[in-house]
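Colleague: I am new to this one and would like a close look at a single part, with its surroundings. Please start from the place I ask about below and work inward.

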Amino acid sequence: MMRYSGFDKLITLTSFTNPSNGYVIDDNCVIGAEVFVCKERRASKGESISMIKNAVMCKHVWKVENFSELGTEYCESEPFNAGERKWKIVLNAKGYGTGTGTHISLYLELGDPKTLPRISLFSELSDPKKLAGSKVFAEFSLRIVDQMHAKHECFKGNNWFSTSNPSWGWPKFISLDTLNQACNGFLVKDACIVEAEVTVHGTATIL
């Protein structure tokens, strides 16, 4: 899953092409790499990764009604299945973390207590010994539906979900000002529609 690692912004073009810096001489540059392979330091032997061939995308639609009555506590959608796992959409109408008071916060959360003990994003980790276990790699998108113009607000991501990392999403998904403007179509008759598309690509189990 991680075949490469690097830097999107290693050096500015201005600095790189400046002759006085010496990076480019006679229209040539030299690029080098040093690779250090470290010994395994964990007590376990490693992980067994199983990839899913021809993974299927699953879509779930959640209509959140009486939106103006939602408080500061987060709310959850009904569980839905994707990749033989249960998932939930987690929404905080008043924002969470860096989005508190200004944005809607929206997350995808793994909700399968039988195989991965569920620890909510908004709760404390009470037992560190329970953090070991399997992980699920999923590619997903979350969307607030524009019910008038079909110009939806959509974010995409991918993540390894586990007991210690059951949720992933955006604390600043959409601003409350944008949501509440009637002309935008995100909130109609005090209801918004949230969609999730989830594709599970693989699992990893600690050996």
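Where does phenylalanine 7 lie with respect to α1 (13-17)?

Modeller: Phenylalanine 7 is in the segment before α1, which covers 13-17. The model is a predicted one, in which local features need pLDDT of at least 70, side-chain atom pairs count only at pLDDT 80 or more, and totals for chains, interfaces and linings use all residues. Residues are numbered from 1 along each chain as its sequence is written, and side-chain values use heavy atoms, with hydrogens and water left out.

With a relative accessible area of 69%, phenylalanine 7 is exposed (over 50%; buried is under 20%, partly exposed in between, with a 1.4 Å probe and protein chains only). Together with Leu10, Ile11 and Tyr23, Phe7 makes a nonpolar surface patch of about 490 Å². Such a patch takes residues with over 30% relative accessible area and no salt bridge, nonpolar side chains (Val, Leu, Ile, Met, Phe, Trp, Tyr) being joined within 5 Å and like charges within 9 Å.

The patch is part of an accessible surface of about 13,800 Å² for the protein (Shrake-Rupley method, 1.4 Å probe; for residues, only the protein chains shown count as cover). Carbon and sulfur atoms hold 52% of that surface. Of the 207 residues, 35% count as buried.

Next, the layout. The protein has two helices and 10 strands, taken as DSSP runs numbered from the N terminus (helices H or I, at least four residues; strands E, at least two). Along the sequence they follow the pattern α-β-β-β-β-β-β-β-β-β-α-β.

Strand β5 (residues 85-92) is a useful place to look inside, since seven of its eight residues are buried. β5 pairs with several strands, where pairing needs at least two DSSP bridges between two strands. β3 and β5 run antiparallel and are joined by two bridges; cysteine 75 has leucine 91 of β5 as its bridge partner. β4 is also antiparallel to β5, over three bridges, and here phenylalanine 80 is partnered by tryptophan 87. The hairpin of β4 and β5 has two residues between the strands, and glycine 83 in that hairpin takes a positive phi near 60°. With β6 there are six bridges, again in the antiparallel sense, and leucine 91 has leucine 106 of β6 as a partner.

Some of these residues return in the largest nonpolar core, which has 32 residues. A nonpolar core is a set of buried Ala, Val, Leu, Ile, Met, Phe, Trp, Tyr and Cys residues joined through side-chain atoms within 4.5 Å. Phe67, Trp87, Leu91, Leu106, Ile144, Val194 and Val198 touch the most other members of the core. Two or more residues come from each of β2, β4 (80-82), β5, β6 (103-110), β7, β9 (167-175), α2 (176-180) and β10. Valine 198, neighbours within four places in sequence aside, is in contact (heavy atoms within 4.5 Å) with residues including Val56, Phe80, Trp87, Leu108 and Phe140. Over the whole protein, 64% of contacts between residues at least 6 apart in sequence join residues at least 24 apart.

Charged pairs come last. There are four salt bridges in the structure, each a side-chain nitrogen of Lys or Arg within 4 Å of a carboxyl oxygen of Asp or Glu. One joins glutamate 195 to lysine 59, at 3.7 Å from N to O. Because glutamate 195 lies in strand β10 (residues 192-206) and lysine 59 in strand β2 (residues 57-64), this pair ties together parts 136 residues apart in sequence. Glutamate 195 is buried, at a relative accessible area of 12%. Glutamate 195 also forms a salt bridge with arginine 143, the closest N and O atoms being 2.8 Å apart. Arginine 143 is in strand β7 (residues 135-144) and glutamate 195 in strand β10, so parts 52 residues apart in sequence are tied together. Arginine 143 counts as buried at 13% relative accessibility. Lys59, Arg143, Glu195 and Glu197 are linked in a network of salt bridges.

Another salt bridge leads back to β5: lysine 88 meets glutamate 76 at 3.1 Å, N to O. Lysine 88 in β5 and glutamate 76 in strand β3 (residues 75-76) are 12 residues apart. At 16% relative accessibility lysine 88 counts as buried, whereas glutamate 76, at 27%, counts as partly exposed.
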